[in-house]
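User: Hi! I've got a model open and would like to talk it through with you. Can we start with charged pairs?

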Amino acid sequence: MNQFYFSRIFDIDSGNCISTIDFPSPPNSIEISRDGQASLLITHGKKVEIYDGNTYVNNRILFLNSYFCCFSL
């Protein structure tokens, strides 16, 4: 049986789900950047995915040499 993992993103004002991001496995961490830009950072072992925080579109995938529990800009 295949398991699917996902994260729902909610609008604070309305309480409505505005987007869902699917994952192939449970993520190690999900963080919002603090650099003044709206970016969502998701880590999976050696992979870091960077999403646009306004559109929730995946902008970049980084493959690293080491495993990460979390990743911040």
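Analyst: Happy to! This is a predicted model, and in it the side chains of Glu-49 and Lys-47 meet in a salt bridge, with 4.0 Å from N to O.

User: How many salt bridges does the count come to?

Analyst: The count comes to 1 salt bridge.

User: And Glu-49, is that buried or exposed?

Analyst: Glu-49 is buried, because its relative accessible area is 7% and the cut-off for buried is under 20%. Lys-47 has 21% relative accessibility, so this residue counts as partly exposed.

User: Nice. Let's switch to the sheet. What is the strand order?

Analyst: The order is E3-E4-E5-E6, an open sheet of 4 strands with antiparallel pairing. The edge strands are E3 (29–32) and E6, each of which pairs on one side only. On average, neighbouring strands of this sheet are turned by 15 degrees against each other, with direction ignored.

User: How many bridges join E4 to E5?

Analyst: There are 6 bridges between E4 (residues 39–44) and E5 (residues 47–52), and the two run antiparallel. One pair to look at is Leu-41 with its bridge partner in E5, Ile-50.

User: What stands opposite Ile-50 in E6?

Analyst: That's Arg-60. E5 and E6 (residues 58–63) also run antiparallel, joined by 5 bridges. Tyr-51 stands opposite Asn-58 of E6.

User: What about the turns? Which residue has a positive phi in the E4 and E5 hairpin?

Analyst: Gly-45 does, with a phi near 60 degrees, and that hairpin has 2 residues between the strands. The hairpin of E5 and E6 has 5 residues between its strands, and there Tyr-56 in the turn takes a positive phi of about 60 degrees.

User: Good, on to the inside. Which residues make up the largest nonpolar core?

Analyst: It has 6 residues: Ile-9, Ile-21, Phe-23, Leu-40, Ile-42 and Tyr-51. Two elements, strand E2 (17–23) and E4, give two or more residues each to this core.

User: I'd like to zoom in on Ile-21. Which residues is Ile-21 in contact with, leaving aside neighbours within four places in sequence?

Analyst: With those neighbours left aside, Ile-21 is in contact with Tyr-5, Phe-6, Ser-7, Ile-9, Leu-40, Ile-42 and Tyr-51. Ile-9, Leu-40, Ile-42 and Tyr-51 belong to the largest nonpolar core along with Ile-21.

User: So Tyr-51 turns up again!

Analyst: Yes, Tyr-51 is part of that core, and Tyr-51 also stands opposite Asn-58 in E6.

Terms used. Residues are numbered from 1 along each chain as its sequence is written. This is a predicted model: local features need pLDDT of at least 70, side-chain atom pairs count only at pLDDT 80 or more; totals for chains, interfaces and linings use all residues. Side-chain values use heavy atoms; hydrogens and water are left out. Two strands pair if DSSP finds at least two bridges between them. Axes are lines fitted to C-alpha atoms, for helices over the stretch in contact, and angles run from 0 to 180 degrees between N-to-C directions. Buried means under 20% relative accessible area, exposed over 50%, partly exposed in between (1.4 Å probe, protein chains only). A nonpolar core is a set of buried Ala, Val, Leu, Ile, Met, Phe, Trp, Tyr and Cys residues joined through side-chain atoms within 4.5 Å. Contact means heavy atoms within 4.5 Å.
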